[in-house]
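Biologist: Let's go through this model strand by strand. Put the sequence and structure up first, please.

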Amino acid sequence: MLVKSIKLNNFRNYTNYQLEFDPHLNIIIGKNGVGKTNILEAIIVISNVKSFRTLNDVDLIKKQTEYSRIVLNTQSDEYKLVLNKNGKSLFINNNSIKKTSEFIGKVNAVIFKPGDLELFVTSPSDRRRIIDVELSKISDIYIDSLTKYKKLLADKNNLLKQTNKDEILLSLINNSMVEPIKNIIRIRQEFFEEINKNISNIYQLLSNTNSKIEIIYKKCSEVDKVEEEIERSKDKDNYYQYATFGPHHDDYYFKIDNFEINTYASQGQKRMVLIAFKFALVEYIKQITKKTPIILLDDILSELDKNNQLRLLNILPKDSQTIITNTDINNLNIVDKYKLIEIKEEQNA
Ligand SMILES: Nc1ncnc2c1ncn2[C@@H]1O[C@H](COP(=O)(O)OP(=O)(O)OP(=O)(O)O)[C@@H](O)[C@H]1O
Ligand SMILES: [Mg+2]
C-alpha cells in the first residue's frame with residue numbers, strides 16, 4: 001500500500017495544500033503547531049473514516065469554512081472524503097460509496113503517537129474503540145457484526161427501561177444478538193492470539209531485553225457459551241434496566257514478564273510495549289490483507305535515544321511506506337534515504 005499524494009482543502013489549518021510522498025521513507029519537519037500531525041490525521045481519516053483526535057468530524061473543517069475535502073491518491077486509485085456540517089461523503093475514483101464498510105481500510109494506515117500511552121489508563125470503551133477501528137478495517141464480518149450488535153444493544157437497552165416491556169420483542173432481540181456477539185468475541189480472540197505470537201519478539205528487538213509481553217483478553221463469554229450467558233443475565237438486566245452481558249463490556253490489559261504493566265513497568269517500558277503492540281498490529285494487518293499498511297510515526301522518534309531510534313527504524317517492514325514527523329531533522333538518527341518535507345507557516349495562509 002502506497003500513498004502517492006494527498007490534497008487537502010479546508011482541512012484543519014490547510015486551505016489548499018498538496019503533497020507528494022516517497023514510496024519508502026518520508027520525513028515531515030516543521031515548528032510546533034505548523035500542521036504536521038494534521039497531515040497524518042488526514043491519511044488516517046481516509047483509512048479509518050474517523051479521526052484519532054476528535055469524535056466530532058466538524059473539528060476537521062477549517063474554521064470559518066463550510067466544507068473540508070481530502071483527496072488521497074495511491075498507485076491505482078483515488079480516495080476522496082468530503083465533509084460538511086451535515087455529514088460526510090465518500091468516493092473511490094469519483095464513484096460515490098454509500099456503505100462506510102466499502103471504503104474503510106481500503107487505504108490502511110497505522111499511526112504511532114505519543115498519546116498512545118493513554119491506552120493503559122483510559123476507559124475500557126476507549127480501549128475497545130482502538131481495536132474495533134483496526135478490526136473493522138480488515139474484517140467485513142467484524143464491522144457488520146459490530147454495527148448490528150450496537151443497533152440491537154440500543155434497542156435492548158430502550159426496551160429494558162420500559163415498565164410494560166414486550167417480552168416477545170426482547171427475546172427476539174436476544175436471539176438476533178447471538179450471532180453478532182459470537183463473531184465479535186471470536187474475531188477479537190483470534191486477533192489477540194495472533195498479536196501474542198509476535199509481540200514479545202518485537203519488544204525484545206526494540207528494547208534489547210528478554211522480556212515477555214502478553215495481552216490478556218477479558219472477554220464476556222466463551223464463544224460457545226453466549227446463549228447460556230444471555231439467558232443467565234436476564235434477571236440482572238431487568239434489575240439494572242440495561243444489558244449487563246455482552247462484548248460491550250470486554251476489555252484487555254498488558255503484562256510484562258507476568259506483571260501487570262500499569263503497576264509494574266516504567267514509562268519507557270510502557271512506551272516500548274505500545275510500539276511493539278503497533279508493530280504486531282502491522283504484522284497482523286499484513287497477514288490478513290496481504291498488504292503492508294502505511295506506517296505513520298508522529299513525534300515518536302524524538303522521544304527515543306539514538307540507539308532505540310535505530311532499533312525502531314530497523315524493525316520497519318522492508319516494503320513499508322513510512323511517514324515520520326518531527327520538529328527538527330537534526331535530532332533524528334536516520335541512515336536510509338528519505339524525502340524531506342518541510343512545512344512552513346506561510347504555505348498554509
Ligand atoms: N479546524 C481547524 N481550523 C483551523 N485551524 C485548525 C483547526 N484544527 C486545528 N487547527 C490548527 O492546526 C494546528 C495544529 O496542527 P498540528 O497538530 O498538525 O501541529 P504539529 O505541526 O503537529 O505541531 P506539534 O509539533 O506541536 O505536534 C494548530 O495551529 C491549530 O490551531
Ligand atoms: Mg504534532
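**Strands, helices and a ligand**

Biologist: Start in β4. Which residue is the bridge partner of S5?
Modeller: N73 is the bridge partner of S5. Strands and helices here are DSSP runs, numbered from the N terminus: E for strands, with at least two residues, and H or I for helices, with at least four.

Biologist: And what am I looking at, before we go on?
Modeller: This is a predicted model; local features need pLDDT of at least 70, side-chain atom pairs count only at pLDDT 80 or more, and totals for chains, interfaces and linings use all residues. Residues are numbered from 1 along each chain as its sequence is written, chains are lettered from A and ligands numbered from 1 in the order in which they are written.

Biologist: Back to S5's strand. How many bridges join β1 to β4?
Modeller: 6 bridges join β1 (residues 3-11) to β4 (residues 67-74), and the two run antiparallel. Strands pair if DSSP finds at least two bridges between them.

Biologist: What is the strand order in that sheet?
Modeller: β2-β1-β4-β5-β6-β7, an open sheet of 6 strands with antiparallel pairing. β2 (14-20) and β7 (95-97) are at the edges with a single partner strand each, so one side of each has no neighbour in the sheet. The average twist from one strand to the next is 15°.

Biologist: What joins β4 to β5?
Modeller: A hairpin of 3 residues. The two strands pair antiparallel over 7 bridges. I70 has L81 in β5 as its bridge partner.

Biologist: And β5 to β6, how many residues in the hairpin?
Modeller: 2 residues. β5 and β6 (residues 87-92) run antiparallel and are joined by 6 bridges. Y79 stands opposite I92 in β6.

Biologist: K80 caught my eye. Is K80 buried or exposed?
Modeller: K80 sits in β5. K80 has 21 C-beta neighbours inside 10 Å, so K80 counts as buried. The cut-offs: buried means 20 or more other C-beta atoms within 10 Å of a residue's own, exposed means 12 or fewer, and partly exposed is in between, with C-beta atoms placed from the backbone.

Biologist: Which residues is K80 in contact with, leaving aside neighbours within four places in sequence?
Modeller: R69, V71 and F91. Contact means that C-beta atoms, placed from the backbone, lie within 7 Å. N93 is 13 residues from K80 in sequence, and their C-alpha atoms are 7.9 Å apart.

Biologist: Which helix lies across β1, β2, β4 and β5?
Modeller: α1 (residues 36-48), running at about 105° to β1. Axes are lines fitted to C-alpha atoms, for helices over the stretch in contact, and angles run from 0 to 180 degrees between N-to-C directions.

Biologist: Now the other sheet. What is its strand order?
Modeller: β8-β12-β13-β3-β14, an open sheet of 5 strands with parallel pairing. β8 (109-112) and β14 (339-342) are the edge strands, each pairing on one side only. Here the twist averages 20° from one strand to the next.

Biologist: How many residues of β3 are buried?
Modeller: 4 of the 5 residues of β3 (residues 25-29), so β3 is largely enclosed by the rest of the structure. β3 runs parallel to β13, with 5 bridges. I28 stands opposite T325 in β13. β3 also runs parallel to β14, joined by 4 bridges, and I27 stands opposite L340 there.

Biologist: What stands opposite D298 in β13?
Modeller: T325. β12 (residues 294-298) and β13 (residues 322-326) run parallel, joined by 4 bridges. Helix α8 (residues 267-289) lies across β8 and β12, at about 175° to β8.

Biologist: Change of topic: helix packing. At what angle do α4 and α9 cross?
Modeller: Roughly 140°, for α4 (residues 167-207) and α9 (residues 306-315), with the axes coming within 8 Å. α4 and α9 are therefore oblique to each other. Under 35 degrees counts as roughly parallel, over 145 as roughly antiparallel, 65 to 115 as roughly perpendicular and the rest as oblique.

Biologist: Which residues meet there?
Modeller: I202, L205 and L206 in α4 meet R311, L312 and I315 in α9. By class, that contact has 5 nonpolar, no polar and 1 charged residues. Ala, Val, Leu, Ile, Met, Phe, Trp, Tyr, Cys and Pro count as nonpolar, Asp, Glu, Lys and Arg as charged, and the others, Gly among them, as polar.

Biologist: Last one. Which residues come nearest to ligand 1?
Modeller: N13, N32, K36, T37 and N38, of the 16 residues around ligand 1. Near means a C-beta atom, placed from the backbone, within 6 Å of the molecule or strand. The shell divides into 2 nonpolar, 8 polar and 6 charged residues.

Notes. Two residues are in contact if their C-beta atoms, placed from the backbone, lie within 7 Å.
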